[in-house]
Amino acid sequence: MILALLVRRSLRQHLLSTLVTALSLALAGGLLMSVWVVKSQARETFTRQTGAWDAVLGARGSKLQLVLNAIFHLEASPGNVPFADYQAIATNRAVALAVPIAVGDNFMGYRIVGTLTSLFSAAETVPGRKFQVAIGGRVFEDGFREALVGSFTARRLGLKVGDTFRPYHGLNFDPKAQHEDEYVVTGVLEPSNTPADRVIWIPLAGLQNMSGHAAATASDVSAVLVKLKSPIVGQQLEMMYNRQGDRFTFAWPLGTTLAQLFDKLAWFDKVLELVAYLVALVAAGSVLASIYNSMSARRRDMAILRALGARRFTVFASIVLEATSVAVFGMLGAWGLYLLILTAVASVIQTQTGVVLQVWVWNPVLLTAPVGLVLLGALAGVVPAIKAYRNPVAENLLPES
Amino acid sequence: MDALKIRNLKKSFSVPGKVGFLPVVDLPELTLEVGEQAALSGSSGSGKTTLLHLIAGILPAESGTIHLGNVEMTGLGEAGRDRLRAGTIGYIFQTFNLLQGFTCLENVLLGMSFGKGADRAYAMSLLGRVGLGDRLDYFPRQLSTGQQQRVAVARAVANRPHLVLADEPTGNLDPTNARQALALIRQICTESKAALLLVSHDPLVLAGFDRVLSLSQLNRAARKEVE
């Protein structure tokens, strides 16, 4: 009770330094939580995107590039797979479902992917969920210049059922490279929170035969998405394509392949984490410094309190509690900052990849980081508190002259 | 039983740059009855403030005894002295020593918080008693020096002390305020049945007291200094 009053008054008396130190602690806490949550959620969410498929078959090259291209619609395709080879894997006894995709065109920077209607009738976006076409639309029909637009792309470009557009050649938008072919939007997909939301889907044959595309490779596909009947048969196919053959790459299992990506990015996480820890240290230092610096001004107050009968420990506790309170205020700010950062990061990641991070999902670090920082703040208060504890009373009560 | 009983009290300080200790207080005897009011005179350097600090337990004595009622201050450790001070002694300073970050009411509340516990109603009535009932939420800097000393007086008696120590309480006041403050201190001590030991070197202040003790005479250490 009496401690609360002492702390409240002191915080108010040093309002500016209270605010500044609380803010720096908020920054540290917000950064720590954001880095941690983005790291763990990104890994988990990106890995989950591959869950509907077991493997990707593509041209000989990097497995990671193959997965990024076929499932995340990022990067360029490493090469082509002849249609016969697609048919071969599609009819393999171990394969439950194989869907080819072809890439190479875009509309206003959004990737156009050619595929078969089986992607929408048989395949899943994530395990247990199929693609859903929004009411009023339908899937394109093979052999027609029709397009099914992902929800994110539709929203960004304002595309709706009945709209027409002419694709551009290449994966990157180049206004000079427009094709003659005109496509009509037959449907918009419901948001799936997967990279598919950023794609414009057209019939496979449409992309293969787009005006200006080479006739010799017109029947090739870019990659084949593969669902196995049983996960263990992947081993055989892996052996067949990667070890015995030398024309293709069979990316399996997808989780392991994707893990390479995060391993490559691990240094970046480490740097961010280190920065967050440094900010935390600096913030704790500023708690220490701001209270320590005000100690000489407070020596008289401390002595007066002692003269009124306050025990040394009471004075000590009031300083530690003050540092703790600053840290607690900081942590309220930290949660706010965390939501802000995560919302921004989630928006960037969605724009770039279509993958949606969950801002409002609980993560233990949302408790452990603030608790840790409050303890750190309290610890920072111990140094000036010891100074207050040792403050001699009699000398500091004498009239100032 | 006396409010204050001192026997053979000694205290000395080390002097920077010199070997050994300089005796500051060497007081064979001093007694104050319950409710008694006495003034202590003495030139500066006669150990007045040190003596008050010893009585209040702010400084530990070297030897000798100080009894407050039937409790011996000199027999207690620091925490015990703090508790005894919080519960039985009121202290009035020349420079008031109000806490600048706290309102009048909070200053008075702090005067009781460490002792018998905060009593808001009593704190308010005390401030009313010293004529500051309408200034409860003022901060010290918003008050005149005379008003500030009145807050300090209210704070000193807030823990219902048996003994009030006043160290040059009028030293920073103009003559009119000094007279009023002195009257208030004596009156409020009478009302709360607290003994008063007031230190001053102002002849006008000393003249008002029936019992005036000369520390220059009582304190052997001060006598040595003078010689």
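This passage describes a predicted two-chain model, from confidence and helix packing to single residues and the contact between the chains.

The structure is a predicted model in which local features need pLDDT of at least 70, side-chain atom pairs count only at pLDDT 80 or more, and totals for chains, interfaces and linings use all residues. Residues are numbered from 1 along each chain as its sequence is written, while chains are lettered from A and ligands numbered from 1 in the order in which they are written. For the complex, the predictor gives a pTM of 0.80 and an ipTM of 0.90. Chain B has a mean pLDDT (the predictor's confidence in each residue, from 0 to 100) of 90, and 98% of its residues reach 70 or more.

Helix packing in chain A offers a good place to start. Helices (H or I, at least four residues) and strands (E, at least two) are DSSP runs numbered from the N terminus. Axes are lines fitted to C-alpha atoms, for helices over the stretch in contact, and angles run from 0 to 180 degrees between N-to-C directions. Helix 9 (residues 254–307) and helix 11 (residues 365–390) of chain A have axes that come within 8 Å and cross at roughly 30°. These two helices of chain A therefore count as roughly parallel (under 35 degrees; over 145 is roughly antiparallel, 65 to 115 roughly perpendicular and the rest oblique). Their crossing is right-handed, meaning that the near helix is turned clockwise from the far one by less than a right angle, whereas an anticlockwise turn would be left-handed. Two residues are in contact if their C-beta atoms, placed from the backbone, lie within 7 Å. Helix 9 of chain A contributes A:Ala280, A:Ala284, A:Val287, A:Leu288, A:Ile291, A:Tyr292, A:Met295 and A:Met302 to the contact with helix 11 of chain A. On the side of helix 11 of chain A, the residues include A:Leu373, A:Gly377, A:Gly381 and A:Lys387. By class, this contact has 14 nonpolar residues, two polar and one charged, where Ala, Val, Leu, Ile, Met, Phe, Trp, Tyr, Cys and Pro count as nonpolar, Asp, Glu, Lys and Arg as charged, and the others, Gly among them, as polar.

Helix 11 of chain A also meets helix 2 (residues 15–49) of chain A, with axes that come within 9 Å and cross at roughly 150°. The pair is therefore roughly antiparallel, and the crossing is again right-handed. Here A:Leu25, A:Ala28, A:Gly29, A:Leu32, A:Met33, A:Trp36 and A:Val37 of helix 2 of chain A face A:Val365, A:Leu366, A:Ala369, A:Pro370, A:Leu373 and A:Gly377 of helix 11 of chain A. This contact holds 11 nonpolar and two polar residues, with no charged ones. An α-helix has 3.6 residues a turn, so residues three or four places apart point the same way.

Helix 9 of chain A has a further partner in helix 3 of chain A, at an angle of about 100° and with the axes 9 Å apart. That arrangement makes the two helices of chain A roughly perpendicular. A:Lys63, A:Leu64 and A:Val67 of helix 3 of chain A meet A:Leu254, A:Thr257, A:Leu258, A:Gln260 and A:Leu261 of helix 9 of chain A. Five of the residues in this contact are nonpolar, two are polar and one is charged.

Several single residues deserve a look. A:Pro253 lies in the loop between strand 12 (248–251) and helix 9 of chain A, and the peptide bond from A:Trp252 to A:Pro253 is cis, with omega near -10°. A:Glu75, in the loop between helix 3 (63–70) and helix 4 (83–90) of chain A, has a positive phi near 60°. A:Glu75 is partly exposed, with 16 other C-beta atoms within 10 Å (20 or more make a residue buried, 12 or fewer exposed, and values in between partly exposed; C-beta atoms are placed from the backbone). B:Glu168 likewise has a positive phi, of about 50°, but B:Glu168 counts as buried, with 21 C-beta neighbours inside 10 Å.

The contact between the chains takes 17 residues from chain A and 22 residues from chain B. Helix 2 (78–88) and helix 3 (104–113) of chain B each give two or more residues to the side of chain B that touches chain A. Helix 2 of chain B supplies the largest share, five residues.
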